[in-house]
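Biologist: I am new to this structure and would like a careful look at one part of it, namely the aromatic rings and what lies around them. Please take me through them in one connected answer.

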Amino acid sequence: MVKINSDKLSFAGFITACTILVFFCGFLVRDFKLFPYKYYAKAMQGYKKIRNQVSGKLPVHYQRLDKPFPEISNDIAQPYEGLNLVTKVTSNDNLTAEIIDSQGKVVHKWDINWFEMWPNPDHLPKNILPKEKPACQIHGAVVMENGDLVFNFDYFGLIRIDREGKVVWRLPYMTHHSLHRHDDGNLWVSGRRYHTESTPELPHLEPPIFEETLLEVSPEGKILREWSVPKILRNNGYSAFLYLTPFKDFALKLNQGGGKDRNDILHMNDVEPFPLTMEEGVFERGDVMLSLRNINSIVVFNADTGKIKTIITGDFIQHHDPDFIDGNTISVFDNNRNNSLNPDDAKSRIWLISLKDNTSKVFFEGSAEQPFYTLAMGKNQWLPNGNLLITESVSGRGFEINQQGDIVWQYVNYVDREQGIVGIVSEVQRLPIEYTKLFASEKESKKN
């Protein structure tokens, strides 16, 4: 018979108990953000940075291109006139907004720094405050008629700066993704509220939870109207859209799964009112279009009555930036994410969807000859001559196509051309013709 040493057995039991205790304490620190979580989080940030440097892995806002984009034929190059607003990540994790001409020359530039422009962000939960550059994206931007720039620090707030970069006003609200200037001059922007406790608008959803909102904001930065998107859905009999992830058996609370966005139910990424100058059809004055990426749906509701006119879904996957084309038709930037078993076959698309006759068709999609795919983000802008300006965000590119699908102009945000490394482009936006004159003096001074 083997005699077991009681001292060794006790020591083994002690080590096992300590291991279990350390594991359990680590779980509590990580998941409930108990002391010393902030030191753990800082250490993990440093570890990830060192790991990426050693492995050669690029930060998420940079990408190495497999091959250069195809050159544009001068025979078909007829871009629509005007300057371009480009919002992007540049080298060394910096953010900039630039106005460039058709040759890519910089006419005007704003260097954007979250930490300098918003030194006391008291409106934000402490657990989401950024610690290092670039902090966030410039996601949604417009140039005002006097040359000021209004934009979202994505999820952190709306801000207006003048041509020299001085802050005119700040709106302390968790605005994000999209910013649209309506015909009447007001700004329409996506927003969200952060709830650490259960809220009547989102019953049975486990906090912390994000409630998507939309805002109408004056040019002076004042909130004129505000809507809760979950409330719009519930009031119109579409509560099920808030619970597309099933409950666990016998559970009263719904937890959306793992990851930092586990309670990002809808992920609204665009708000656009129907233009006052557009001829009405199915869509009318007062209609507002909402893009809800995480449920692959577009909602059109009337801002005055609160009634939902239509919900569009089925053609697109993880989409962005739907636009009114006419009174009956919309276009949709379809990222077409995860719709191919082979990553090399991935391609994004632009859909045209008509509600008058319930038809849809692909206007443009990526191909081997004309690659076009972005896993996330993306914009499309229809120009007065019928051309379409597309922002392929993750690939760091903006390009313009004609009605035949030929590329007539493109911009690529190279941060290291030799290595083929590009930075994310949030948006390339063609400015109205009158802005050419507004910034003409700066363009001429740069020539001289």
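Which ring does the charged end of Arg-397 sit over, at 4.0 Å from its centre?

Modeller: Please keep in mind that this is a predicted model. The charged end of Arg-397 sits over the ring of Phe-69, 4.0 Å from the ring centre, and the charged end of Arg-397 also sits over the ring of Phe-399, again with 4.0 Å to the centre. Turning from charge and ring to ring and ring, a search of the whole structure finds 15 aromatic pairs. One of them is formed by Trp-227 and Phe-301, an edge-to-face pair with 6.2 Å from centre to centre and 75 degrees between the planes. This pair links distant parts of the chain, since Trp-227 belongs to strand E12 (residues 223-228) and Phe-301 to strand E15 (residues 297-302), with the two residues 74 apart. Trp-227 is buried, and Phe-301 is buried as well. Another pair is that of Phe-283 and Phe-324, whose ring centres are 5.1 Å apart and whose planes stand at 70 degrees, so this pair is edge-to-face, because planes over 60 degrees apart count as such. Here too distant parts of the chain are linked: Phe-283 lies in the loop between strand E13 (268-273) and strand E14 (287-292), while Phe-324 lies in strand E17 (residues 320-324), and the residues are 41 apart. Phe-283 and Phe-324 are both buried. Finally, there is an aromatic cluster, in which Trp-114 and Trp-118 join with Phe-151, Phe-153 and Phe-156.

Note on methods
Residues are numbered from 1 along each chain as its sequence is written. This is a predicted model: local features need pLDDT of at least 70, side-chain atom pairs count only at pLDDT 80 or more; totals for chains, interfaces and linings use all residues. Side-chain values use heavy atoms; hydrogens and water are left out. Rings of Phe, Tyr and Trp (its six-membered ring) pair if their centres lie within 6.5 Å; planes under 30 degrees apart count as stacked, over 60 as edge-to-face and the rest as tilted. Helices (H or I, at least four residues) and strands (E, at least two) are DSSP runs, numbered from the N terminus. Buried means under 20% relative accessible area, exposed over 50%, partly exposed in between (1.4 Å probe, protein chains only). A charge sits over a ring if NZ of Lys or CZ of Arg is within 6 Å of the ring centre and within 35 degrees of the ring normal.
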